[in-house]
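User: I am a first-year student, and I would like a close look at how the helices pack in this model. Could you take me through one part of it carefully?

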Amino acid sequence: MADWGLAPLPKGRHQLSRQQVQDAQRIRLAVAMAEEMAESGYVGTPVAAVLKRAGISRQTFYDLYDDKHACFLDALDLVGAVLLADLGVGLPAGDPLAQAQGAVEAYLETIGRHRAFARLYLVEVHAAGEEAMARRAGLQDRVVDGLADLLGATRPDARFACRAYVAAIASLVTLPVVSGDTAALDALRAPLLGLLEDLAERI
């Protein structure tokens with residue numbers, strides 16, 4: 001996953017624009033929220049705990065967000081954007097199936113290395129309400145679209161198969177992410193890649 005930029009912001013006079021400072025603050029808050037919720041869950045995480053971990057003032061927080069929910073939605077968008085970017089990094093050229101399998105491997109590696117962010121995306125989103133779930137569904141639709149395009153899934157039934165495959169991955173990885181069971185997560189790699197090969201043959 002990309003560098004989340006947790007270096008302290010410079011104090012006093014500096015060359016950063018207001019937008020750059022706000023972007024850095026948003027990233028710090030997203031990281032802090034994910035890490036706090038990995039320990040206490042969405043409901044059990046107060047804004048004060050996020051601010052303490054992020055090293056950001058309450059005034060700055062409320063300059064950026066109306067409440068914890070708004071910050072969570074932004075964190076979800078940031079995590080989703082980085083996840084989508086990671087899916088396209090280092091994929092083999094040419095063979096569509098190999099590219100799709102590479103994307104699945106990248107996904108498993110990313111969520112294994114960044115369990116707090118994965119938990120925010122996979123678990124805490126359920127406690128955050130309908131809008132959060134809708135945003136995650138929109139992100140998964142983009143993943144489904146990418147997989148369908150790679151595999152040439154143009155028929156409605158073929159696209160539905162891609163949707164079911166993506167949903168199955170999200171379901172299967174959730175318990176290993178929550179429990180921190182990296183061995184169980186690694187064990188999913190071979191069967192998921194095999195299932196993807198079977199899916200490609202049927203499309």
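Analyst:
**Helix packing, starting from helix 1**

In this predicted model, the axes of helix 1 and helix 6, the latter covering residues 115-127, come within 8 Å and cross at roughly 70 degrees. Angles of 65 to 115 degrees count as roughly perpendicular, and helix 1 and helix 6 are therefore roughly perpendicular to each other. On the side of helix 1, the contact is made by Ala30, Val31, Met33, Ala34, Glu35, Met37 and Ala38, while helix 6 brings Ala116, Phe117, Arg119, Leu120 and Glu124. Sorted by kind, the residues of this contact of helix 1 with helix 6 divide into 9 nonpolar, no polar and 3 charged.

Helix 1 itself can be checked with a simple calculation: at 1.5 Å a residue, its 23 residues, 18-40, should span 33 Å, and the C-alpha atoms at its ends are 32 Å apart, which agrees. Just after helix 1 comes Gly41, which takes a positive phi of about 80 degrees.

A second pair of helices makes a useful comparison. The axes of helix 8 and helix 10, where helix 10 covers residues 189-202, come within 11 Å and cross at roughly 175 degrees, and that makes helix 8 roughly antiparallel to helix 10. Here the contact is made by Ala161, Cys162, Tyr165, Ile169 and Leu172 of helix 8, together with Leu192, Leu193, Leu195, Leu196 and Leu199 of helix 10. The residues of this contact of helix 8 with helix 10 divide into 10 nonpolar, no polar and no charged.

Helix 8 also takes part in the largest pocket, since helix 4 (68-87), helix 5 (96-113), helix 7 (130-151) and helix 8 (156-179) each supply at least two residues of its lining. This largest pocket has a volume of about 330 Å³, and of the 19 residues that line it, the closest to its centre are Leu87, Ala103, Val143, Leu147 and Val166. Helix 7 gives the largest share of the lining, 6 residues, and the lining of the largest pocket divides into 16 nonpolar, 2 polar and 1 charged.

Methods:
Residues are numbered from 1 along each chain as its sequence is written. This is a predicted model: local features need pLDDT of at least 70, side-chain atom pairs count only at pLDDT 80 or more; totals for chains, interfaces and linings use all residues. Side-chain values use heavy atoms; hydrogens and water are left out. Helices (H or I, at least four residues) and strands (E, at least two) are DSSP runs, numbered from the N terminus. The expected span of a helix is 1.5 Å times one less than its number of residues. On a 1 Å grid over the protein atoms alone, a cavity is a set of points where a 1.4 Å probe fits but cannot get out, and a pocket is an open set with protein on both sides within 12 Å along at least five of seven lines; lining residues have an atom within 4 Å of a point. Grid points are joined across faces, edges and corners, and a volume is the space filled by probe spheres set on the points. Ala, Val, Leu, Ile, Met, Phe, Trp, Tyr, Cys and Pro count as nonpolar, Asp, Glu, Lys and Arg as charged, and the others, Gly among them, as polar. Axes are lines fitted to C-alpha atoms, for helices over the stretch in contact, and angles run from 0 to 180 degrees between N-to-C directions. Angles under 35 degrees count as roughly parallel, over 145 as roughly antiparallel, 65 to 115 as roughly perpendicular and the rest as oblique. Contact means heavy atoms within 4.5 Å.
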